[in-house]
Amino acid sequence: MRRQRRRRNHYTVKQRVWAAAGVCLLLLLLVFLLNPGLFKITVKQVESSFYDHLKGKPYSRMAYDGIDVSKHNGVIQWQEVAKNTHIQFVYIKATEGRSLVDKRYRANIAAAREAGLRVGSYHFFTSRSSAQAQFRNFSSVADKQQQDLIPLVDVEEKGVRSWTPAQVVDSLSVFVSLVKQHYGKLPVIYSGSHFYNEVLAPHFNHHLLFIAAYKDDLPKLKGPGRYNIWQYSERGHVKGIGNYVDLNRFVSATTIDDLLL
């Protein structure tokens, strides 16, 4: 009998704890409804945690037309970036594989657009999941209404190393077709110069091409067609970004109008 009485008391205490927790949640909800501004985190508050790891180093002065960023660039002061007259476009990492979402994506795209920059989103393509699963991840995160630029797919050797070249081409063909159906245009394809020519050319030469080659000479494209953006440096220093950032330049008479969604 004593044991049963103790158990009854024990459950009564638990019920009281849950009831108290419920009351607290209701009170918080009431406060939020009456004054939602108390819980709103502004872009200014987020950017206040910015830290310039390159402080004292000179800013990049060579001609460039755009940048691309991800969580690795840290907190970005987008209002400062928007003052840079070089920057006509910004690509922001949204997703990777079938489920990864870049932890800075939502904050980056909201703040960059608020600052008046033209932005687009990119997906890092991997061989760890199907093209269909990766498209579902990307399209669920990169809201079409928030995109100024044509979506971009980043295809690099390190991401698709477990596929044969034929599998890369087949899977990427499925992915780009799904992007076109959803967003209305074929995606821009980003890749390194060597990997693109060895694996992706000439199958995707009709796309807008964004080629990385960190050397003085312009990269060459295998087969007919042309590339449109040259990523010539991965060690750019731009005011408002506290880590090195990729610098990109239009080539082949490409303009910002060609990138607009």
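L260 counts as partly exposed in this predicted model, because its relative accessibility of 24% sits between the 20% limit for buried and the 50% limit for exposed. You'll find L260 in the segment that follows α8 (256-259). Look at what sits around L260: leaving out residues up to four places away in sequence, L260 touches R118, D148, L149, I150 and K185. L149 in particular is 111 residues away from L260 along the chain, yet the C-alpha atoms of the two are separated by 4.5 Å.

Now step back to the chain as a whole. Its secondary structure comes to eight helices and nine strands. There are 261 residues in the protein chain, and 47% of them are buried. Take the contacts with a separation of 6 or more: 66% of these join residues that are 24 or more positions apart.

**A covered helix and its neighbour**

How much of helix α5 is covered? Mostly all of it, you could say: α5 runs over residues 131-141, and eight of its eleven residues are buried. Those buried residues are A131, A133, Q134, F135, N137, F138, S139 and V141. The cover over them includes strands β2, β3 (100-101) and β4, along with helices α4 (105-114) and α6 (165-183).

Helix α4 has buried residues of its own, namely Y105, N108, I109, A111 and A112. An α-helix has 3.6 residues a turn, so residues three or four places apart point the same way. Just after α4 comes G116, which takes a positive phi of about 95°.

**Rings and charges**

The aromatic side chains are worth a look next. The count comes to nine aromatic pairs. The rings of F89 and Y91 make an edge-to-face pair, because their planes stand at 65° and anything over 60 degrees falls in that class. Both F89 and Y91 are buried. Y190 and F210 are also edge-to-face, since their planes are at 75°. That pair links distant parts of the chain, with Y190 in strand β6 (residues 188-192) and F210 in strand β7 (residues 209-212), 20 residues apart. Y190 is buried, and so is F210. With F250 added, the residues F89, Y91, Y190 and F210 form one aromatic cluster.

Charged side chains meet rings here too. R235 lies over the face of Y244, and R249 lies over the face of Y232. Here are the ring distances side by side.

| Residues | Arrangement | Distance |
|---|---|---|
| F89 and Y91 | edge-to-face | 6.1 Å between ring centres |
| Y190 and F210 | edge-to-face | 5.2 Å between ring centres |
| R235 and Y244 | R235 over the face of Y244 | 4.1 Å from the ring centre |
| R249 and Y232 | R249 over the face of Y232 | 4.0 Å from the ring centre |

**The largest pocket**

Rolling a probe the size of a water molecule over the atoms shows where empty space is left. The largest pocket holds about 490 Å³ of space. Which residues lie nearest its centre? They are D68, S70, Y122, E156 and D246, out of 23 residues that line the largest pocket. Several strands help with the lining: β1 (66-69), β2 (89-96), β4 (119-124), β5 (152-154), β8 and β9 each supply at least two residues. Among them, β2 gives the most to the lining of the largest pocket, with three residues.

**Two loop residues**

Is H237 buried or exposed? H237 is buried, because its relative accessible area is 3%, which is under the 20% cut-off. H237 lies in the loop between β8 (229-236) and β9 (245-250). A polar atom of the H237 side chain lies 3.2 Å from the backbone oxygen of K57. K57 is also one of the residues that H237 touches; with residues up to four places away in sequence left out, the list is D52, L54, K57, P58, Y59 and S60.

K158 is a loop residue as well, found between β5 and α6. K158 counts as exposed, because its relative accessibility is 54%, and the cut-off is over 50%. Along the chain, K158 and T126 are 32 residues apart, and their C-alpha atoms are separated by 8.3 Å.

Terms used
Residues are numbered from 1 along each chain as its sequence is written. This is a predicted model: local features need pLDDT of at least 70, side-chain atom pairs count only at pLDDT 80 or more; totals for chains, interfaces and linings use all residues. Side-chain values use heavy atoms; hydrogens and water are left out. Helices (H or I, at least four residues) and strands (E, at least two) are DSSP runs, numbered from the N terminus. Buried means under 20% relative accessible area, exposed over 50%, partly exposed in between (1.4 Å probe, protein chains only). A polar contact is a pair of N or O atoms within 3.5 Å; within protein, one must be able to donate a hydrogen and the other to accept it, and residues adjacent in sequence count only if both atoms are side-chain atoms. Contact means heavy atoms within 4.5 Å. Rings of Phe, Tyr and Trp (its six-membered ring) pair if their centres lie within 6.5 Å; planes under 30 degrees apart count as stacked, over 60 as edge-to-face and the rest as tilted. A charge sits over a ring if NZ of Lys or CZ of Arg is within 6 Å of the ring centre and within 35 degrees of the ring normal. On a 1 Å grid over the protein atoms alone, a cavity is a set of points where a 1.4 Å probe fits but cannot get out, and a pocket is an open set with protein on both sides within 12 Å along at least five of seven lines; lining residues have an atom within 4 Å of a point. Grid points are joined across faces, edges and corners, and a volume is the space filled by probe spheres set on the points.
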